[in-house]
Amino acid sequence: MAGSYFPQWRLRSSTADGQGQVIATDERLPMPQTVAMGVQHVVAMFGSTVLAPLLMGFDPNLAILMSGVGTLLFFVLVGGRVPSYLGSSFAFIGLVIAVTGYAGHGANTNLGVALGGIVACGVVYTLIGVLVSLIGTRWIENLMPPVVTGAVVAVIGLNLAPIAVKGVTGNNFDAWMALGTVLCVGLVAVFTRGMVQRLLILIGLLLAYVIYAILTNGAGLGKPIDFSGVANAAWFGIPTFVAPVFKFDAMALLAPVAVILVAENLGHIKAVSAMTGQNLDKYIGRAFIGDGLATILSGSVGGTGVTTYAENIGVMAVTKIYSTLVFVVAAVIALILGFSPKFGAVILTIPGAVLGGVSIVVFGLITISGARIWVENKVDFSNNTNLIVAAVTLVLGAGDFTLKLGGFAMGGIGTATFGAIILYALLRKRGA
């Protein structure tokens, strides 16, 4: 029905080989395939959505639960028009550790203070969304044109890359197994067809998991997988909820992260627009509001700040499936899994080498998605303004360049984001 708030999703059947077929945002696959794709998106976002809370001392099961809630809230606010999954944002990690004094292991005993700052960030983010809805996106686009948004998206992948690499280079076996995992995903991507090819990340991970189990539990070549935690874990359990504590200094430190989230979200929408050939600009304000409200809700109960996930851009880039219904399925799966300690125990059995190998692939796809924004928007790198902005941004982010001012510390993603915005504003030629 024309003018309806939600699209009327048209059913599309997969072709025999599945290659090159694009499933648009307002189309859907048969339910079994939709569910399978939803599972793959859960797998794609899972590593980072769980890793981020672990690095900050949050409850990972609650982070998964709130990622599902936030994704559904986002879906409703954008009218099911923007394919996106909301997961834990890495932009908060350094500042959360700074304001809480987190030691790096176990539960964060000062979590409430960080939550107050996350809620404050969500409020600022929501207000930016309201402003964009009222006066349009021109001012945002002037601040963050394609050369900036492409660089910020690429930087996220580059900044995360050392996390994946360092996690799998502790010993020789893990390093080779990580490369084997990359090869598994690559073989599925290139030499399979149909839905198997479209589930390349999920199937590649499962294949590598089986190979790892054979080599370790079977042949004794590495650290074996311990399944005792799975047997002892309950099927159902309520995550631990924590109330925010509002302290001005922590709120002032974390609220500016909203600018990074805006750049991430804008880059996400531009990337999806480039991949789908659809102009999604009219949904940018609503997308900011949805992400901001999801961050407020998550921070209010003990969850991490959330953002549109570049990992899922990577999945869409290789599968060419942009149906927004896939993300509803992924969100519902996350809700169910968030209430299951058994699931958390199963995930913990995934060897670090295998998860790291998958992360290498996914983080690489994120980086390439940023470059795709440049290509699709025909960014001219013979223009020295664009050249300097992109070059400096990539190095600041990839090198995790950190700036400190008193008690304030801004990590690589933040420095790169603000650096790109400021550099472009200073170097752009007026009237160009």
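Arg 10 forms a salt bridge with Glu 27, with the closest N and O atoms 2.9 Å apart. This pair links distant parts of the chain: Arg 10 belongs to strand 1 and Glu 27 to strand 2, 17 residues apart. The model is a predicted one. Glu 27 counts as buried, because its relative accessibility of 8% falls under the 20% limit. Arg 10 counts as partly exposed, at 43% relative accessibility.

A salt bridge also joins Arg 10 to Asp 26, where the closest N and O atoms are 3.2 Å apart. Asp 26 lies in the loop between strand 1 (10–11) and strand 2 (27–28), and Arg 10 in strand 1, so the pair ties together parts that are 16 residues apart in sequence. Asp 26 has a relative accessibility of 22% and therefore counts as partly exposed. Arg 10, Asp 26 and Glu 27 are thus linked in a network of salt bridges. Within this network, Glu 27 is buried, whereas Asp 26 is partly exposed and Arg 10 is partly exposed.

The count of salt bridges comes to three. Another of them pairs Lys 270 with Asp 281, and the closest N and O atoms are 3.2 Å apart. Lys 270 sits in helix 12 (residues 257–276), and Asp 281 in the loop between helix 12 and helix 13 (284–301), so this bridge ties together parts that are 11 residues apart in sequence. Lys 270 has a relative accessibility of 18% and counts as buried. Asp 281, with a relative accessible area of 22%, is partly exposed. The two residues fall on opposite sides of the limit, because buried means under 20% relative accessible area.

Polar contacts were examined at Asn 108. This residue is placed in the loop between helix 3 (93–100) and helix 4 (111–135). Asn 108 counts as buried, because its relative accessibility is 7%. The side chain of Asn 108 makes a polar contact of 3.1 Å with the side chain of Thr 100. Thr 100 is the last residue in the range given for helix 3 (93–100). A polar atom of the Asn 108 side chain also lies 3.0 Å from the backbone nitrogen of Asn 110. Leaving aside residues up to four places away in sequence, Asn 108 touches Met 56, Gly 57, Val 96, Thr 100 and Tyr 102. Thr 100 therefore appears both among these touching residues and as a side-chain polar partner of Asn 108, since contact means heavy atoms within 4.5 Å.

Note on methods: Residues are numbered from 1 along each chain as its sequence is written. This is a predicted model: local features need pLDDT of at least 70, side-chain atom pairs count only at pLDDT 80 or more; totals for chains, interfaces and linings use all residues. Side-chain values use heavy atoms; hydrogens and water are left out. Helices (H or I, at least four residues) and strands (E, at least two) are DSSP runs, numbered from the N terminus. Buried means under 20% relative accessible area, exposed over 50%, partly exposed in between (1.4 Å probe, protein chains only). A polar contact is a pair of N or O atoms within 3.5 Å; within protein, one must be able to donate a hydrogen and the other to accept it, and residues adjacent in sequence count only if both atoms are side-chain atoms. A salt bridge is a side-chain nitrogen of Lys or Arg within 4 Å of a carboxyl oxygen of Asp or Glu.
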